[in-house]
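Biologist: Please take a close look at one part of this model, the place where its domains meet. Keep it brisk, and walk me through it in one go.

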Amino acid sequence: MKFLIFEGQEIHPKAIQILKKNGFNVQTELSSTENKKEIEAFLIRSYTKITPSLLDEYPALKYVLRAGVGLDNVDAKACEKRGIKVINSPGSNANAVSELVVCFMILLLRRIPVQMNLLRNGGWRSKKEIGSELKNKIVGFIGCGAIGKLTTEKLLNFGIKEILAFDPYLDKTTLKKRHAVKCELDEVLKKSDIITLHLPLNNETHNLINKDKLALTKKGACIINTSRGGIINEEDLLTALKSGHIAGAALDVFENEPDFRKEFLEFPNVILTPHIGGFSEEGDEAMAVQVVENFLKIYKTN
Ligand code: NAD
């Protein structure tokens, strides 16, 4: 079987070694148009868009392997229509993301980017910019799957007052086991000191956090998005930051990547990272190796 690797630099070499060891023919480039007809599997990362027109170019395609969690770059319906199996690596980088989220919470509350900016501009600490502690805060989760679960577990050691979660697909008992109280979205927004997003991007969640929802948040709340750009309306978030209603934000993901909105750079109380949530040594390897292992299990039983 012939594999075509997209975003080859981004795929951990161990995953490619496993494919080769199992006798698969792996290529990162196509030699001719003819060659497209022989490709039976893709291995992709985050930025290859699997569209119906791309699928049309590959009539023999049977598998799409996505190294990572989110499938927002794959047209699942078009794949299903062609009988193409889509395989990802759920949970593989969840620990990497959850560690970063806890780090963001502390950085935002202690206003670390603001303090750093003060020093850079020749200043020193000021009472005006004093930060606060995670202890006794109310933390709100929007989506509480693999990453949400690991994050709430880590938060247990911080003496959090309450963890609230809006996740319409998880029941009260499951969320309780994840140390969270099941709530409606508006309640999470109204009560939380810090809000963190851990849900997929799809038609239902695009612009879920817009100006109406941001208006419900406590004045001075902080917001963290390591899930997908587009779930928070960026224009509305900029407005809430400008007015000071939102005291700080940490954004790892953007509506447009890598060409993100540069206005965010103007805010010293905003932490911006280039989609590195799952991008640790360990997460990077696990994403690629696990998707190949998941594929092999399916391939061997077919
Ligand atoms: P997951 O599938 O384990 O959990 C997602 C949760 O969101 C589920 O519990 C689901 O019930 C819930 N959900 C679905 N629709 C919802 C809605 N409308 N409102 C509220 N909750 C909803 O996924 P995960 O591994 O926890 O990943 C969460 C997000 O993080 C995904 O968008 C994923 O793409 C993203 N992610 C980003 C990075 C990064 O590098 N920044 C890395 C890994 C994952």
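Modeller: Contact here means heavy atoms within 4.5 Å. The model is predicted. The domain assignment splits the protein in two. Domain 1 takes in 2-92 and 281-301. Domain 2 covers 94-272. Measure by C-alpha atoms, and the centres of domain 1 and domain 2 lie 32 Å apart.

Now the interface itself. On the side of domain 1, six residues are in contact with domain 2. Domain 2 answers with five residues. Between them, domain 1 and domain 2 bury an area of about 470 Å². Carbon and sulfur atoms give 44% of that area. Within domain 1, the residues that lose the most area to domain 2 are Tyr47, Asp72 and Gly91. Together these three make up 74% of what the domain 1 side buries.

Next, the polar side of the interface. Three residue pairs are in polar contact between domain 1 and domain 2, both residues of each pair being at pLDDT 80 or more. By class, the domain 1 side that touches domain 2 holds one nonpolar residue, three polar and two charged. The salt bridge count between the domains is one. Aspartate 72 and arginine 228 meet through their side chains in a salt bridge, at 2.9 Å from N to O. Asp72 thus appears twice, in this salt bridge and among the residues of domain 1 that lose the most area.

One more feature, in the sequence range of domain 2. The structure holds one cavity of 30 Å³ or more. The volume of the largest cavity is about 50 Å³. Its lining includes Asn225, Gly229, Gly230 and Phe264. The lining residues divide into six nonpolar, three polar and one charged.

Methods. Residues are numbered from 1 along each chain as its sequence is written. This is a predicted model: local features need pLDDT of at least 70, side-chain atom pairs count only at pLDDT 80 or more; totals for chains, interfaces and linings use all residues. Side-chain values use heavy atoms; hydrogens and water are left out. Domain bounds come from an automatic or database domain assignment. Buried area is the accessible area (1.4 Å probe) that two parts lose on being put together, summed over both. A salt bridge is a side-chain nitrogen of Lys or Arg within 4 Å of a carboxyl oxygen of Asp or Glu. A polar contact is a pair of N or O atoms within 3.5 Å; within protein, one must be able to donate a hydrogen and the other to accept it, and residues adjacent in sequence count only if both atoms are side-chain atoms. Ala, Val, Leu, Ile, Met, Phe, Trp, Tyr, Cys and Pro count as nonpolar, Asp, Glu, Lys and Arg as charged, and the others, Gly among them, as polar. On a 1 Å grid over the protein atoms alone, a cavity is a set of points where a 1.4 Å probe fits but cannot get out, and a pocket is an open set with protein on both sides within 12 Å along at least five of seven lines; lining residues have an atom within 4 Å of a point. Grid points are joined across faces, edges and corners, and a volume is the space filled by probe spheres set on the points.
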